[in-house]
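Me: I've just opened this one and could use a quick tour. Mind if I throw some questions at you?

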Amino acid sequence: MATTKTPTAPTHTLEATAPVTALSLSGVRHRFDQHVVVKGVELTVEPGEVVCLLGPSGCGKTTLLRIAAGLEVLQEGRVSLRGDTVAAPGRRHVPPEKRSVGLAFQDSALFPHLSVLENVMFGLKPLPAAKRRERALARLEQLGMANYADTYPHMLSGGQQQRVALARALAPEPRLMLLDEPFSSLDARLRDQIRDDTLHVLKKVGAATLLVTHDPEEAMFMADRIALMRDGTIVQTGTPRELYCAPCDPFVVTFFGEVNELSGVVTNGKVTTPVGTVEAGWLPEGSDATVMVRPEALRITERPDSATAHEHSHVVMAKLLGRSSLIHLCAHSQSGEEAHLHARVPGVFLPAEGQPVTIDLDLSQVFVFAAAGAAAGAGTAHGEAE
Ligand SMILES: Nc1ncnc2c1ncn2[C@@H]1O[C@H](COP(=O)(O)OP(=O)(O)OP(=O)(O)O)[C@@H](O)[C@H]1O
């Protein structure tokens, strides 16, 4: 008689193979004199993951990165690398050189008396000479600098020096890379190229990375996850898509670009604006709401009835910006309310001044929040356009 065997998997398999978090910051607070600049931050970077610490100037990003690197002595909280506590106040402070992390900064200084190859080989001392040379050349190759191996730093441009600095940081194959604005001293075109090369190398090497930047586009380009900081705290952590498409508050919306702000009152769970009605059922009835509409959320169709221009929403001005066009609109509600809005549309679309238009909303790019000072509440709009 045939018997059926049910395979039994060992129950500990998942636990045993779970990757160890590359970097964990827990309850980190930091002050300079009386000024608290990091206020209880929780952040993890998983193996192979690129996390971008994004935020405006002075919000505490660099301080947090320096704490992770051991360049700043931890005052409160805990820092762990690959499961080991490397900093706990009064108990432990593993110095930067013992944390086996790769560091690169905005203006990483190269050793002037060493060639490009020697600079990159510098951090590989424990390896045999032939292996060091081979590894260093491979990193230089990946960052497009192999032809400059015998050149000295003063003979290179700023962008080339930054590529070498990144190759040097990556050469020891650290399991964690800490990068502080590594591209910000480069001009736009060069920056795009070096960013792209760096992302490919990071992914190829599989290095967990914490990258500090104030540039939302850079964060979206580089990150698997973004942690957006404001005034010493992390406001929201998530994938680029989560932050862009499901922002938790108005600061997150505005940080990713220009936005049209409209106000209204919650009536029957909805807010009516000159460009449509949106759902706001999670806000108290009768409360003031702010409706944030990204310029890309406005869909414009030209109307043929030019004689009635002033009764309809119409074009105030249209500007070609290159890859997109910016349309200044005057939107009319049925109750006679008017609003000045900016719409961004792809390509060359330059309707004439005064052109009557119909405006539709892409609700995935519209966000509704309780107005500042009104009862708390926030949400993404899931309403219907008028
Ligand atoms: N060594 C220091 N002594 C005193 N204050 C400091 C020191 N380092 C940073 N600060 C202050 O701490 C705050 C946070 O600085 P930090 O450099 O961490 O911010 P950031 O978000 O990286 O800003 P940026 O993008 O401009 O570099 C700022 O107000 C800064 O002036």
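Reply: Go ahead. One term to start with: two strands count as paired if DSSP finds at least two bridges between them. Also keep in mind that this is a predicted model.

Me: OK, so how do β5 and β6 pair, and over how many bridges?
Reply: They run in the antiparallel sense, and two bridges link β5 with β6. Across that pairing, A88 stands opposite R92 in β6.

Me: What's in the turn of that hairpin?
Reply: Three residues sit between the strands of the β5 and β6 hairpin, and G90 has a positive phi near 75 degrees there.

Me: And β4, how many bridges join that strand to β5?
Reply: Three bridges, with β4 (residues 76-81) and β5 (residues 84-88) running antiparallel. L81 is the residue opposite D84 in β5. Between the strands of this hairpin there are two residues, and R82 takes a positive phi near 50 degrees.

Me: Why would anyone point out a positive phi?
Reply: Because most residues other than glycine have a negative phi.

Me: Then what about S100, what's its phi?
Reply: Phi of S100 is near 40 degrees, so to speak a positive value in a residue that isn't glycine.

Me: Where does S100 sit, and how exposed or buried is it?
Reply: S100 is in the loop between β6 (92-93) and β7 (101-104). It counts as partly exposed, because S100 has 14 C-beta neighbours inside 10 Å.

Me: What about E181?
Reply: E181 has a positive phi too, near 45 degrees. Its place is the loop between β8 (176-180) and α6 (188-205). E181 has 19 C-beta neighbours inside 10 Å, so it counts as partly exposed; the buried label takes 20 or more.

Me: Switching topic: which residues touch the most other members of the largest nonpolar core?
Reply: C52, L53, A68, L176 and L178 do, in a core of 95 residues.

Me: Which helix gives the largest share of that core?
Reply: Helix α5 (residues 158-170), with six residues.

Me: And where does the core lie relative to the domains?
Reply: Between domain 1 (19-245) and domain 2 (258-380), because both give residues to this core.

Me: Back to L176 for a second. What does L176 touch?
Reply: Leaving out residues up to four places away in sequence, L176 touches A22, L23, V45, L81, V101, A207 and A208. You've met L81 already: that's the β4 residue opposite D84.

Note on methods
Residues are numbered from 1 along each chain as its sequence is written. This is a predicted model: local features need pLDDT of at least 70, side-chain atom pairs count only at pLDDT 80 or more; totals for chains, interfaces and linings use all residues. A nonpolar core is a set of buried Ala, Val, Leu, Ile, Met, Phe, Trp, Tyr and Cys residues joined through C-beta atoms within 7 Å. A residue is buried if 20 or more other C-beta atoms lie within 10 Å of its own, exposed if 12 or fewer, and partly exposed in between; C-beta atoms are placed from the backbone. Helices (H or I, at least four residues) and strands (E, at least two) are DSSP runs, numbered from the N terminus. Domain bounds come from an automatic or database domain assignment. Two residues are in contact if their C-beta atoms, placed from the backbone, lie within 7 Å.
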